Structure formats: structure tokens, C-alpha cells
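Got the viewer open? Load the sequence and the model side by side, and let's take a walk through it, one selection at a time.

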Amino acid sequence: KATPTEPETVVKKYLEEVKGPPADEDCIICMEKLSSPSGYGDTCESSTIKPEMVGRLTNCQHSFHMLCMLAMYSNGNKDGSLQCPSCKTIYGEKTGTQPKGKMEVSTFPQSLPGHKDCGTIQIVYHISRGIQGPEHPNPGMPYTARGFPRYCYLPDNEKGRKVLELLRVAWKRRLIFTVGTSNTTGESNTVVWNEIHHKTEMDTNLSGHGYPDPNYLDNVLAELAAQGVTEDCLRQ
Ligand code: NAD
Ligand code: ZN
Ligand code: ZN
């Protein structure tokens with residue numbers, strides 16, 4: 001693994017300093033005016049980023065106190081990526097906190113409801129219980145892993161195979177699961193799905209996470225994109 005980049009370096013990589021910020025605009029991180037100092041001046045220290053400094057994100061052009069962005073970054077998993085708190089644009093490569101495990105893929109000829117013209121891709125996720133790392137909500141405490149292996153299904157057509165390749169990228173970036181509290185069971189310190197929906201039933205739809213669902217592939221592509229996983233990742 002590469003040496004972690006200094007938080008200041010990450011902030012300065014994606015924020016361009018602006019001189020004379022608009023007097024009436026607020027910083028949505030600290031809710032202070034951009035023309036007054038960052039609300040994080042007391043809690044976030046930096047030798048090179050001063051509370052008065054304002055920066056604009058290079059692509060989406062949203063502006064914040066640079067110190068506020070530093071505080072936000074330092075609160076996260078410090079993976080070298082930044083996400084605009086205003087429009088959610090991702091800068092760099094966002095990674096998550098999925099515990100270690102295994103992703104297995106196979107195919108079979110039986111078709112899914114709504115995709116009669118092709119076979120099925122089956123993804124099996126294996127994750128076991130373990131001890132939380134520094135990136136998790138309660139470092140040092142155990143986490144449970146319920147209902148594993150988890151079986152998921154995609155139509156084995158062009159779009160389904162594209163989703164599969166993007167899910168492989170998301171798995172590598174640790175974005176498919178996280179450690180937290182399950183909405184379904186209420187259990188905390190457990191492995192849960194993380195904002196990328198999977199179809200865990202194929203010929204029944206008792207949970208609402210099954211087929212048919214004509215919008216599923218488009219929805220999951222949008223959820224992957226929201227995590228920074230797009231077709232561009234496949235060309236690299
Ligand atoms: P969760 O309940 O916190 O939900 C997180 C996300 O996963 C939500 O977006 C939700 O819509 C989605 N989700 C919920 N149930 C799903 C399902 N059956 N298939 C696909 N997506 C689902 O997350 P969680 O606790 O990881 O998910 C709950 C699901 O996990 C259960 O319905 C079950 O399938 C499985 N599970 C099984 C056991 C077991 O002992 N067999 C225990 C816990 C969870
Ligand atoms: Zn601010
Ligand atoms: Zn933005």
C-alpha cells in the first residue's frame with residue numbers, strides 16, 4: 001500500500017483557493033459566511049490552511065472554507081478522495097470500509113422473471129465475523145456477519161454483465177458492505193449492505209429484493225455511479 005497522503009495535500013489537490021469570496025454565500029459545512037472564518041477554526045488545526053481560506057472544487061465549482069473541507073476529510077476514512085457535500089461529486093477514488101471476504105461469480109442457464117431471453121449470473125458474497133478496524137464505528141469491538149453467504153442474481157445479458165464488472169470494482173474498493181446497524185434486524189456492529197442494491201431472490205420476490213424489476217439495472221448503475229463507480233473505471 002502507498003503511504004497515505006497528508007490531508008492538506010488532498011484538500012489542496014481538489015480545491016482551488018479563491019480570493020475575495022462572495023460576501024453573501026454560506027459554507028454549508030460550518031454554516032458560517034464564506035467571507036468570515038471557518039467555524040472549525042478552534043477544533044481543526046493546520047499550519048498551512050488558515051480559517052479564512054476559501055476554496056472552490058475544481059469540477060463542480062462549489063465553494064467551502066478549506067479548513068472545513070480539511071475537517072470533513074479528516075473525519076472520514078482518509079482514502080485520498082473527497083466528496084462534495086453539496087452535489088456529491090467525487091474527486092479521486094472513493095473507497096469504503098467493507099470487511100474482508102470473498103466475491104464468487106458463476107452462471108447458470110435458468111432465466112430470471114423479466115429476462116426470459118438469457119441465463120443468470122449468480123454472485124456469492126462470503127464475509128465472516130471479525131474485529132472492527134480503525135475505519136469502523138467501534139474499533140477493537142467484534143462485528144457479526146449474519147445471513148452469509150449472501151446469494152445475488154443478475155441477468156446474463158450485456159447490461160447485466162456490465163453491472164457485474166462494476167460490482168467487481170465496487171467490491172475491490174470495499175463499497176458493497178459496511179459495518180453498522182441493520183435496518184432490518186436493528187442489530188448494531190454487524191455487516192450490512194451499503195447503498196448498492198442487490199437482488200437476493202430470483203424466482204420469488206418475498207422481500208421486494210427480487211425479480212421482475214424492469215428498473216433494477218438502471219437503478220443499480222445509478223447507485224454505483226453515486227459511489228464513483230462508472231464505466232470509466234473499466235477502461236483504465
Ligand atoms: P439493512 O437491513 O440495514 O438494509 C440495507 C440495505 O439493504 C437497504 O437498502 C435494504 O433495502 C437492503 N436490503 C434489505 N433486505 C434485503 C434483502 N433481503 N436483499 C437485498 N437487499 C436488502 O441491511 P442488512 O441487514 O445487510 O440486510 C438485511 C437482509 O440481509 C435480510 O433481509 C436478509 O436477506 C439478510 N440477513 C439475513 C440474516 C440471517 O440470519 N439469515 C440476518 C441478517 C440479515
Ligand atoms: Zn465552513
Ligand atoms: Zn459540488
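Select C84 to begin: this cysteine is buried, with a relative accessible area of 0%. Buried here means under 20% relative accessible area, exposed means over 50%, and partly exposed is what falls in between (1.4 Å probe, protein chains only). Now click on C87, which counts as partly exposed at 33% relative accessibility.

Before going on, a word on what you're looking at: this is a predicted model, where local features need pLDDT of at least 70, side-chain atom pairs count only at pLDDT 80 or more, and totals for chains, interfaces and linings use all residues. Residues are numbered from 1 along each chain as its sequence is written, chains are lettered from A and ligands numbered from 1 in the order in which they are written, and side-chain values use heavy atoms, leaving out hydrogens and water.

**Stop 1: the zinc ion (ligand 3)**

Keep C84 and C87 selected and add C60 and H62. Which atoms hold the zinc ion (ligand 3)? Its protein donors are C60 (SG), H62 (ND1), C84 (SG) and C87 (SG), at 2.0 to 2.3 Å. A donor is an N, O or S atom within 2.8 Å of the metal (3.2 Å for Na, K and Ca); water is not among the atoms, so sites may look incomplete.

Try the angle tool: the 4 donor atoms make angles of 106 to 112 degrees, and the site is tetrahedral. Four donors earn that label if all angles lie between 85 and 135 degrees. For reference, the ideal angle for four tetrahedral donors is 109.5 degrees. Along the chain, the donors of the zinc ion (ligand 3) follow the spacing C-x1-H-x21-C-x2-C.

**Stop 2: the zinc ion (ligand 2)**

Next, select C27, C30, H65 and C68. Through SG of the three cysteines and ND1 of H65, they are the protein donors of the zinc ion (ligand 2), lying 2.1 to 2.3 Å from it. This site is tetrahedral too, with angles of 98 to 118 degrees among its 4 donor atoms. The spacing of these donor residues reads C-x2-C-x34-H-x2-C. Distant parts of the chain are linked here: C27 sits in the loop between β1 and β2, H65 in strand β3, and the two are 38 residues apart.

Are C27 and H65 buried or exposed? C27 is buried at 0% relative accessible area, and H65 is buried at 0% as well.

**Stop 3: strands β1, β2 and β3**

Switch to cartoon view. Strands (E, at least two residues) and helices (H or I, at least four) are DSSP runs, numbered from the N terminus. Strands β1 (residues 15-18) and β2 (residues 54-57) run antiparallel, joined by 4 bridges; look for V18 opposite its bridge partner V54. Two strands pair if DSSP finds at least two bridges between them.

On from there, β2 pairs with β3 (residues 63-65) in the antiparallel sense over 3 bridges, and G55 has F64 as its bridge partner. The hairpin of β2 and β3 has 5 residues between the strands, and there Q61 takes a positive phi near 75 degrees.

**Stop 4: the open sheet**

Now show β6, β7 and β10. They form an open sheet of 3 strands in the order β6-β7-β10, with antiparallel pairing. The edge strands are β6 (101-108) and β10 (150-155), each pairing on one side only. Neighbouring strands are turned by 20 degrees against each other on average, direction ignored. Between β7 and β10 there are 6 bridges; V124 and its partner Y151 are one place to look.

Add helix α3 (residues 158-172): it packs on the sheet, touching β6, β7 and β10, and its direction makes about 15 degrees with that of β7. Contact means heavy atoms within 4.5 Å. Axes are lines fitted to C-alpha atoms, for helices over the stretch in contact, with angles from 0 to 180 degrees between N-to-C directions.

**Last stop: the aromatic cluster**

Finally, select Y125, F148, W171, F177 and W193, which form one aromatic cluster. A search of the whole structure finds 7 aromatic pairs. The ring centres of Y125 and W193 are 6.1 Å apart and their planes stand at 80 degrees, so this pair is edge-to-face. Rings of Phe, Tyr and Trp (its six-membered ring) pair if their centres lie within 6.5 Å; planes under 30 degrees apart count as stacked, over 60 as edge-to-face and the rest as tilted.

Y125 lies in β7 (residues 120-127) and W193 in β12 (residues 190-193), so the pair ties together parts 68 residues apart in sequence. Y125 is buried, at 0% relative accessible area, whereas W193 is partly exposed, at 29%.

Definitions and conventions. Tetrahedral: all angles 85-135°; square planar, octahedral: opposite > 155°, others 65-115°.
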